[in-house]
Amino acid sequence: MKDDLLLILTALVCAGGAWAFWHYLGAQALGALSTIALIALAADNYRLRRRLRQTPGSGPPILHGRNRRGDT
């Protein structure tokens, strides 16, 4: 019973937040979502590159049987 009430409360808070987001941002909401996605992508890329630098033996990929242009 308690879990059901918490789930309904969470759903109401999320619905209210979504309504407020679209209501107050209006036409700029798509730009805001794009900006948030771009910042999240850049942060994830930074995190993954830092992790890759810390991994031993993580140099550039080796192309077997082909040169860098893709010719055989």
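Biologist: Which helix does Leu9 lie in?
Modeller: This is a predicted model, just so you know. The helix covering residues 2–25 takes in Leu9, and that helix is α1.

Biologist: Which residues form a nonpolar patch on the surface with Leu9?
Modeller: The patch has about 280 Å² of accessible area altogether. Leu9's partners there are Leu6 and Val13.

Biologist: How are α1 and α2 oriented to each other?
Modeller: Helix α2 runs over residues 29–54, and its axis comes within 8 Å of the α1 axis. The two axes cross at roughly 120°. That angle falls outside the 65 to 115 degrees that count as roughly perpendicular and isn't over 145 either, so the pair is oblique.

Biologist: How many nonpolar residues are in the contact of α1 with α2?
Modeller: From α1 come Phe21, Trp22 and Leu25, and they meet Ala29, Ala32 and Leu33 in α2. No polar and no charged residues take part, and the nonpolar count is 6.

Biologist: Which residue forms a salt bridge with Arg47?
Modeller: Searching the whole structure turns up 1 salt bridge. Its closest N and O atoms are 2.6 Å apart. The partners sit 3 residues apart in helix α2, so about one helical turn separates them. Arg47 pairs with Asp44.

Terms used. Residues are numbered from 1 along each chain as its sequence is written. This is a predicted model: local features need pLDDT of at least 70, side-chain atom pairs count only at pLDDT 80 or more; totals for chains, interfaces and linings use all residues. Side-chain values use heavy atoms; hydrogens and water are left out. Patches are made of residues with over 30% relative accessible area and no salt bridge: like charges are joined within 9 Å, nonpolar side chains (Val, Leu, Ile, Met, Phe, Trp, Tyr) within 5 Å. Accessible areas come from the Shrake-Rupley method with a 1.4 Å probe; for residues, only the protein chains shown count as cover. A salt bridge is a side-chain nitrogen of Lys or Arg within 4 Å of a carboxyl oxygen of Asp or Glu. Helices (H or I, at least four residues) and strands (E, at least two) are DSSP runs, numbered from the N terminus. Axes are lines fitted to C-alpha atoms, for helices over the stretch in contact, and angles run from 0 to 180 degrees between N-to-C directions. Angles under 35 degrees count as roughly parallel, over 145 as roughly antiparallel, 65 to 115 as roughly perpendicular and the rest as oblique. Contact means heavy atoms within 4.5 Å. Ala, Val, Leu, Ile, Met, Phe, Trp, Tyr, Cys and Pro count as nonpolar, Asp, Glu, Lys and Arg as charged, and the others, Gly among them, as polar.
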